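Welcome! Take a moment to look over the sequence and the 3D view, and then let us walk through some of the details together.

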Amino acid sequence: MKNLIFAVILEKISLNMKKSLFVLCTFFIALSAINSQNLAEAITHLENENFTAALNTLNKLAQTDAKNPIYNYYIGEVYYAMENPLEARKAYDKGLIISSKCDECHIGLGRLDYDENRMEPAKKHFETALKGNSKNHHIHALVGMAYLYNKKPNPDIAINYLTKARDLDPKQAKYWIALGDANQIKGNLGDAMTAYETAVEKDKNKVETYVKMSRIWTAGKQTDLAIERLENAIKIKPDYAIAYKDLYELYIATRKFDKVVPILDKYVSLTGSDIDAKVRLVKFLAYQAKDYKRAIDEGSQLVILNPKQYTLHRWLAWSYFEISDYKNSLKSSFSLFEEIKKDTLNRKTYPSDIEYAAKAASKLNLMDTAELFYIQLMDLQPEKALDISSNLAKALYDGKRFDKAEKWYLLKEAKASLTNNELVYLGLSQKIQGKFLVADSTFGKILAASPKYDWGWYTRALINIELDPEKKLFLARPYFEKYIELASIDPVKNSAKLIEAYTYLAWYSVQIENIELAKSYCNMVLNLNPNDETAKTYLDILNKQGKNK
């Protein structure tokens with residue numbers, strides 16, 4: 001009867017009405033096609049970890065086609081991938097409000113309950129989804145994947161459902177891929193590889209299969225084969241972000257840094273507005289590629305728009321320091337420390353953060369600040385305290401804080417022997433402060449360990465000149481003599497210091513009334529510098545004294 005009534009009504013529809021109805025039907029068909037295309041794009045965004053773009057597309061679809069729950073299911077999937085279970089649950093629940101028959105939404109909720117160790121509610125959701133779907137391979141596969149792709153995978157249960165899905169439709173490559181993943185988690189790498197190879201036979205263009213295979217080869221340290229699989233994936237689908245991600249990580253692991261940047265650039269471009277990907281790029285540029293200027297360009301813009309990405313301050317501090325912009329390096333370090341203070345439970349300060357701040361402060365001659373950072377660094381790394389105290393002492397020396405430099409060298413010496421290099425800076429710190437006796441003792445240790453260190457003999461001679469300002473004891477004499485013995489090998493290079501030593505010894509020779517020796521030293525000076533006025537004067541006086549005799 002209803003059909004008859006409907007037929008009569010249709011007869012009464014005018015020609016114009018029929019045309020309007022045709023246009024309306026055409027519109028809905030076109031809208032459906034557009035929505036399907038947009039959903040596919042959203043899923044691609046999800047696969048590429050471009051979560052922002054995926055959500056934008058799905059939210060628009062959910063508004064334009066409000067009676068279709070599937071969009072809310074995929075919104076939940078995006079939030080789940082973003083590790084936001086609260087928003088994921090809201091999305092799945094909303095899908096079930098739209099339609100209580102949204103089996104996918106039940107499966108999403110079941111996985112969330114499973115993650116939270118709520119096994120009975122999880123099982124109920126899965127059973128509800130499976131009810132009436134005994135021949136539905138899609139639903140069986142989703143349940144299997146819910147058991148597999150979660151915080152605590154259960155590959156055995158997953159395999160049961162995935163095997164059922166595969167048996168119902170063995171042509172589906174994605175079921176073979178999931179079975180491969182389950183076997184890989186179980187450690188059955190041979191079975192996993194067989195499943196992946198079967199997936200390739202079913203669909204050579206299913207690029208994720210090549211990525212999965214590459215991971216097995218990577219685990220087996222067959223990196224060449226792993227790289228080959230990833231390159232195959234990129235050839236088949238140049239916009240598949242995950243392949244680029246695995247490839248750049250593999251290049252980093254194998255230290256093929258020259259190949260990383262273009263791959264990482266491509267990955268970042270595919271992930272679009274995904275901030276984490278951009279942060280990874282900045283990190284790589286600063287940490288591995290050492291392209292500090294580009295790291296600064298990318299990072300400084302990114303941190304303005306995304307202040308919560310606190311790690312950017314770390315890579316900016318590194319990069320600014322390495323291009324000698326110490327002011328901005330220290331500024332970035334302080335910004336990093338401020339951001340870490342806001343969430344000390346989830347954010348961590350690393351020793352390298354403190355070290356860069358300390359080095360930048362010392363380069364800016366903010367020595368008190370640098371010292372505080374170095375002390376903090378020692379607290380973080382007590383096993384490296386001796387090396388850190390040495391670095392601090394040298395920084396203080398470079399900053400002309402000679403008293404503190406001496407203090408830190410002596411603190412280290414109380415615990416371990418100083419290297420010759422450290423003894424040199426300790427001795428110089430003491431010399432500059434006018435502590436000539438202890439400086440002489442320090443250089444004595446240096447020369448005992450390195451008796452052919454000509455500059456050490458010269459510096460000890462200068463210290464002893466200060467200990468004998470009136471030249472009554474001629475304490476510098478033996479050290480100048482030793483210096484001359486060693487430095488005369490290269491008189492041109494050492495001419496200035498040799499002239500100083502010869503002149504001192506000429507004066508000493510006069511005091512012991514050895515005129516000929518004094519003349520000899522004066523002539524040695526003039527051999528190096530014929531215009532030396534002091535030597536000329538001395539020699540003139542000595543010659544006249546000789547004639548008077």
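## A buried residue in a loop

Asn-494 has a relative accessible area of 12%, which is under the 20% limit, so this residue counts as buried. Please keep in mind as you read that the model is predicted. You can find Asn-494 in the loop that runs between helix 27 (477-487) and helix 28 (495-511). Which residues does Asn-494 touch, once its neighbours within four places in sequence are set aside? They are Asp-454, Tyr-483 and Ala-487.

Now look at Lys-493, which also lies in the loop between helix 27 and helix 28. With a relative accessible area of 67%, Lys-493 is exposed. Here is a distance to try out in the viewer: from C-alpha to C-alpha, Lys-493 and Ala-393 are 30 Å apart in space, and in sequence they are 100 residues apart.

## Helix 26 against helix 27

Helix 27 has a partner in helix 26 (residues 454-467): the two axes come within 8 Å and cross at roughly 155°. An angle over 145 degrees counts as roughly antiparallel, and therefore helix 26 is described that way relative to helix 27. The crossing in which helix 26 passes helix 27 is left-handed.

On the helix 26 side, the contact is made by Asp-454, Trp-457, Tyr-458, Arg-460, Ala-461, Leu-462, Asn-464 and Ile-465. Helix 27 brings Tyr-479, Phe-480, Lys-482, Tyr-483, Leu-486 and Ala-487 to this contact. You may recognise Asp-454, Tyr-483 and Ala-487 from above, as they are in contact with Asn-494.

## Two further helix pairs

Helix 9 (residues 155-168) and helix 10 (residues 173-186) have axes that come within 9 Å and cross at roughly 160°. That makes helix 9 roughly antiparallel to helix 10, and helix 9 passes helix 10 in a left-handed crossing. Among the contact residues are Ile-159, Leu-162 and Arg-166 of helix 9, along with Trp-176, Leu-179 and Ala-182 of helix 10. Arg-166 and Trp-176 are worth a second look: the charged end of Arg-166 sits over the ring of Trp-176, 5.0 Å from its centre.

How do the axes of helix 6 (residues 103-115) and helix 7 (residues 119-130) cross, and what is the angle? They come within 8 Å and cross at roughly 165°, so helix 6 and helix 7 are roughly antiparallel to each other. Helix 6 passes helix 7 in a left-handed crossing. Where they meet, helix 6 offers residues including His-106, Ile-107 and Tyr-114, while helix 7 offers residues including Met-119, His-125 and Phe-126.

## Aromatic rings

How many aromatic pairs does the structure hold? There are 27. One of them joins Tyr-73 and Tyr-92, whose ring centres are 6.0 Å apart and whose planes are at 35°, so the pair is tilted. Tyr-73 belongs to helix 4 (residues 70-81) and Tyr-92 to helix 5 (residues 85-98), so this pair ties together parts that are 19 residues apart in sequence. Are these two residues buried or exposed? Tyr-73 is buried, and Tyr-92 is buried as well.

Ring pairs can also join up into a cluster, as you can see with Tyr-287, Trp-315, Trp-318, Phe-321, Tyr-326 and Tyr-356. Trp-315 has a charge at its ring too: the charged end of Arg-314 sits over that ring, 6.0 Å from its centre.

Conventions: Residues numbered from 1 in each chain as written. Predicted model: local features only at pLDDT ≥ 70, side-chain atom pairs only at ≥ 80, totals over all residues. Heavy atoms only, no water. Helix = DSSP H or I, 4+ residues; strand = E, 2+ residues; numbered from the N terminus. Buried < 20%, exposed > 50% of the residue type's maximum accessible area, 1.4 Å probe, protein only. Contact = heavy atoms within 4.5 Å. Phe/Tyr/Trp six-rings, centres within 6.5 Å; stacked < 30°, edge-to-face > 60°. Lys NZ or Arg CZ within 6 Å of the ring centre and 35° of its normal. Axes fitted to C-alpha atoms, helices over the stretch in contact; angles between N-to-C directions. Parallel < 35°, antiparallel > 145°, perpendicular 65-115°, else oblique. Left-handed = near helix turned anticlockwise from the far one by under 90°.
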